[in-house]
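Trainee: I am new to this structure. Please take me through the empty space in it, and the largest pocket above all.

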Amino acid sequence: MTSAQILEKMIVYSKGCQRDIEHLMRVWGFARTIGCLEGLDESTLLTVETAAILHDIACPFLRAEMGCSPFDRQEELGAKLAKEFLSETDLPSAIQERVVFLVGHHHSPQLIDGIDFRILIEADYLVNCVSHRLDAEAALAFESRYFATETGRKLLHSFLPEN
């Protein structure tokens, strides 16, 4: 199964929620861009793209249940939902397991343990930085702690206002 097929499946799964579809598309686009430009191998690129597509899978359920989607609940429920979602694919079990881990920890950047996790964090932050119009000081503080790819840093700086 390709990332495009997973993307299509997730768009259908999102039941027309434009907010969620737009967010996952943007995070997936940044994750794919960073992964390609950083020279990821095919398996790692598929892993990070799949995690980017599924990272907020729990948000619609949490918003319906709680009116919001707290980070800890996103991670907990997200891992469970991602596992169910991926069980209906033909992705290798190692990729499925890694994606479930990434979805279950995507709000825990202090736990980054690989380039796939790093890129997922960078891609999600880039989208949120633009969407929430974070100030340059906050963006640079986050960058210094969690950005490590040259591509991610370059993209982040392209969004910051010129001094």
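Mentor: Keep in mind that this is a predicted model. Start with the frame. The chain has 9 helices and 0 strands. Read along the sequence, then, the pattern is α-α-α-α-α-α-α-α-α. Along the principal axes, the C-alpha atoms fill a box of roughly 50 × 40 × 25 Å. The radius of gyration is 15 Å, which agrees with the value near 15 Å for a compact globule of 163 residues.

Now the pocket. Rolling a probe the size of a water molecule over the atoms shows where empty space is left. The largest pocket holds about 570 Å³ of space. Its lining counts 23 residues, and the closest to the centre are H23, H107, D124, N128 and H132. Find those five in the model, and you have the middle of the pocket. Four elements each give two or more residues to this lining: α2 (18-37), α4 (59-66), α5 (71-87) and α7 (115-131). Of the elements, α7 gives the most, with 6 residues. The lining is mixed in class. It has 8 nonpolar, 8 polar and 7 charged residues.

Next, the closed space. The structure holds 1 cavity of 30 Å³ or more. The volume of the largest cavity is about 100 Å³. Its lining is made by M10, Y13, S14, D20, H23, L24, I53, H55, D56, I57 and P60. H23 deserves a second look: it lines the largest cavity, and it is also among the residues closest to the centre of the largest pocket. Two elements, α1 (3-13) and α2, give two or more residues to the cavity lining. The largest share, 3 residues, comes from α2. By class, the cavity lining has 6 nonpolar, 3 polar and 2 charged residues.

So α2 serves in both linings. Follow α2 to its packing partner. Two packed helices are described by the angle between their axes and the distance between the axes. For α2 and α9 (residues 150-159), the angle is about 130° and the axes are 9 Å apart. The two helices are therefore oblique to each other. On the α2 side, the contact uses F30, T33, I34 and L37. On the α9 side, T151, G152, L155 and F159 meet them. These contact residues divide into 5 nonpolar, 3 polar and no charged. Set that beside the pocket, where 7 of the lining residues are charged.

Definitions and conventions:
Residues numbered from 1 in each chain as written. Predicted model: local features only at pLDDT ≥ 70, side-chain atom pairs only at ≥ 80, totals over all residues. Heavy atoms only, no water. 1 Å grid on protein atoms, 1.4 Å probe; cavity = no way out; pocket = protein on both sides within 12 Å on 5 of 7 lines; lining within 4 Å. Points joined across faces, edges and corners; volume = space filled by probe spheres on them. Nonpolar A, V, L, I, M, F, W, Y, C, P; charged D, E, K, R; others polar. Axes fitted to C-alpha atoms, helices over the stretch in contact; angles between N-to-C directions. Parallel < 35°, antiparallel > 145°, perpendicular 65-115°, else oblique. Contact = heavy atoms within 4.5 Å. Rg over C-alpha atoms; globule rule 2.2 N^0.38 Å.
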